[in-house]
Amino acid sequence: MESEPLLTGSINYGSHPDNNDHLEKGSPKTRRLSYSVAAEYCCVGGGDVDLYLQQAVVFIEDAIQYRSINHRVDTNSLRLYRWYYSRLWQWGLGLTIAVVLMLAFIERPSSFSYTSDPRFRPPPWEPPCGLTEGIEIVCLIIFAIDLTTKSYLIGWDEFRKCKWLIVYILAVSASVIDWTLTLSMYCDQNLRVRRLIRPFFLLQNSSLMKKTLKCIKRTLPEIASVILLLALHLCLFTMIGMLLFAKGENPKHNGEWETYFRDLPTSLSSLLVLLTTANNPDVMIPAYSLNRGYSIFFILFSGFGTYFLMNLLTAIIYNQFRGYLLMSVQASILRRRLGVRAAFEVMSCQGRSQDATHSEEHVERVRVDASLQVMARVQMKSYYRQAIIKRLQQLSDGCIQWEAFRGLFDELDKDRIKEHPPKPEYNSPLLLKLQLVFSHYYVMIVGNAVALANVMCICTILVLDSEKSIAERDDYYMEVINCFFILYYLMEMSLKILAFGWRGYLSYRNNIFDGLLTFCLLVLQITIFATYRLPFPKWNPASRGLMSLWEMVRLVNMLIVVRFLRIIPDIKLMALVASTLVDLVKNLRAFAGILVVVFYVFAVLGIWLFQGAITAPGKMSVMSNSSMENITINFTMECGSYEQLGYWPNNFDDFASSLVLLYNIMVVNNWQVFMDAYTRYTTEWSKVYFVSWWLTSSVMWVNLFVALILENFIYKWDRSVTCSVADVERTGYETTVQLMFREQIQEPTEEELVTQLHQHPHLHLS
């Protein structure tokens, strides 16, 4: 995952400001570089070799993390810069962002109740005034420190060009003002504007999230053209539908008009929901039952709209977003090459100033020993460091030129091949035979077959006992079967440890998963024996110890079922699919982060607009008996309505229930029920909110996420077509967005790199 650079946005790093000279002259440890392309020489003043190495270390770290190099380069600033990007500060900042976002669950309206159903929900716990506000002000202070540090490190001239940092100041300031108003009103403020600002702190902390947002913004014109065509399609069919299903003289034939085409808003809503197939075939049944020819209207509408225009919209979102994302990745690669080039420049200058001869002045190169010192201090993954150092140590010459230096960092784009530790050596013939047998591939196949047999036994017993209550179950046979299989799992794990050794056993990810679950099963089984003694017929499953016997056996069975997932690494296609999902979680967090931001904003807006709008029948004490009777009849008799389906827990009464409701709408199954309910309880304008959420989440973001899943899977599939299952297990793919588009990316030219270095605001090259 790309780390957050101090500057984001355009790759144009700005022109050389004349008024920055005093920034470099103010520190005794700062030197001025003078670089002439025509004369091909570099002069160094200041003579602080450690500063050059420090700068090279930071520039290489910037390159590894795709960060901008436009920051201060004096000794104190570099020390502060490395502290800012240290794991401690970045984890602390991430934790602060998580805490400030989680406050929405605690603040009024609090989500601290066991149910969100207004019919059974007790009064939720409300935090005392000042509790969440105290936590929030600490978070805002940390954000202010983060903002101040960023601003200092890049300098005033670069700060003015960065819109994100300017908005960052406004966000922190507005949050502090709103926080002050809350305290002045003794925490009785219902409309807290800073809730809408909080997702910004998550956005600004991720460079890739900002790139994603920028790509979405640039893709919107193309998306809008298809949405406009979709709206035209919807309007035309709405008018045709209102003409086809107009109110007639025979009340028995007015079912379609009365339910779905009574007026323009109802007609538009009906066909919009049909576009998502959520009310199909319900919407056509009243007319279709009268004349089968009416089905042509609905088939034409959904066929052209759902299967042509909606899929066309998906294709456009994928294609346009992919193009803009490729441009952003191109900028990231330029940052990496620029960081490597900057490190080479400062190292080559200090090298030539010490030992260059007159005949070698025009040759750009760095000393190998200096490169080794730099690589030893760079914070990076150990296997990449070892690979680069190994290549450096293989150089016979004492110096390395630019092309070779740049080639060292191609190791960052290579797959990591894990070498398993050697097997232990035994003198005993018996142990050697056991080692040979239990390190064989067929032992894994037998283990998978045994796990499958265990799952089938559990499934058989569950089917036979599905109609029995807990008191009628006899878990004696299930417990005996479980004991047998758990003993086999324990024996298999022990013999594998014997065959591979501890380090060798733990070097396989499937062994770690398998061993951990086997240990948990053993602990649970020992607990059952300690509580209920040895198994015997007619155990009472409902008998109580620490837990009831049925609960403990059920927990054992669930772990056994989960353990069956051990077969995934042994099947190549399944292993690729699983690793793709893991990579999506690890490396594509930015895309999910945008979805979190959208969920958060819409949930807060939903609470503001619809909190308490729907009240359960038991809560309507202010109504008269006759009104209550009519409402209850409507609730129970109107088929397919919010009330009849019992959708009461889906509401906007608190933050947690709002998130669940938004997710249910995103899935689009029965989403028209929620839209209809809030339309009845509030106004027709509430449909704007629900349609906006559907367009944002289901149409745009879900399609985008599907496209990225396809990119990730195709990338991994293409790279592993010729690999065996064992090779897939040994290969640690570092699938990042940059690597996914690696083949389409053009390398920056030498002129581009030199031009960008000349524009560095703090490292003066002339």
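## A guided tour: one disulfide, one cavity and four residues

When two cysteine sulfur atoms within 2.5 Å are taken as a disulfide, the count for this structure comes to 1 disulfide. The model on display is a predicted one.

**First stop: the disulfide.** Select Cys129 and Cys187. These two residues form the disulfide, and their sulfur atoms lie 1.9 Å apart. In chemical terms, a disulfide is a covalent bond between the sulfur atoms of two cysteines. Which parts of the chain does the pair tie together? Cys129 lies in the loop between helix H4 (87–106) and helix H5 (131–154), while Cys187 lies in the loop between helix H7 (163–184) and helix H8 (194–204), so the bond ties together parts that are 58 residues apart in sequence. Now turn the view to look along the S-S bond. The torsion about that bond is about 70 degrees, so the disulfide is right-handed.

Next, display the surface around the pair. Is each cysteine buried or exposed? Cys129 is partly exposed, with a relative accessible area of 47%, whereas Cys187 is buried at 4% relative accessibility. Two further cysteines may be selected in turn. Cys162 is buried, with a relative accessible area of 3%, and Cys459 is partly exposed, with a relative accessible area of 44%.

**Second stop: the largest cavity.** The structure holds 5 cavities of 30 Å³ or more, and the largest of them has a volume of about 70 Å³. To find the largest cavity, select its lining: Glu107, Arg108, Pro127, Pro128, Cys129, Gly130, Thr132, Glu133, Cys187 and Arg192. Both disulfide partners, Cys129 and Cys187, are thus included in this lining. Coloured by class, the lining shows 4 nonpolar, 2 polar and 4 charged residues.

**Third stop: Tyr168.** Move to helix H7, where Tyr168 is found. At 0% relative accessibility, Tyr168 counts as buried, because buried means under 20% relative accessible area. Which residues surround Tyr168? Beyond four places in sequence, Tyr168 touches Phe143, Asp146, Leu147, Phe200, Phe201 and Gln204. Phe143 merits a separate selection: the side chain of Tyr168 reaches the backbone oxygen of Phe143 at 3.4 Å. The C-alpha atoms of Tyr168 and Phe143 are 8.9 Å apart in space, and the two residues are 25 residues apart in sequence.

**Fourth stop: Arg377.** Select Arg377 in helix H14 (residues 368–377). This residue counts as partly exposed, at 32% relative accessibility. Leaving aside neighbours within four places in sequence, Arg377 is in contact with Asp50, Leu53, Gln54, Val57, Glu61, Arg82 and Arg385. A distance label between the C-alpha atoms of Arg377 and Gln54 should read 8.7 Å, although the two are 323 residues apart in sequence.

**Fifth stop: Ser658.** Continue to helix H25 (residues 655–667), which contains Ser658. Ser658 is buried, with a relative accessible area of 0%. Its contacts, not counting residues up to four places away in sequence, are Ala603, Ile607, Asn651 and Phe652.

**Last stop: Thr679.** Finally, select Thr679 in helix H26 (residues 671–681). Thr679 is buried, with a relative accessible area of 11%. What does the side chain of Thr679 reach? It extends to the backbone oxygen of Met675, at 2.6 Å. Farther along the sequence than four places, Thr679 touches Glu684, Ser686 and Lys687.

Terms used: Residues numbered from 1 in each chain as written. Predicted model: local features only at pLDDT ≥ 70, side-chain atom pairs only at ≥ 80, totals over all residues. Heavy atoms only, no water. Helix = DSSP H or I, 4+ residues; strand = E, 2+ residues; numbered from the N terminus. Buried < 20%, exposed > 50% of the residue type's maximum accessible area, 1.4 Å probe, protein only. 1 Å grid on protein atoms, 1.4 Å probe; cavity = no way out; pocket = protein on both sides within 12 Å on 5 of 7 lines; lining within 4 Å. Points joined across faces, edges and corners; volume = space filled by probe spheres on them. Nonpolar A, V, L, I, M, F, W, Y, C, P; charged D, E, K, R; others polar. Polar contact = N/O pair within 3.5 Å; in protein donor to acceptor, adjacent residues only side chain to side chain. Contact = heavy atoms within 4.5 Å.
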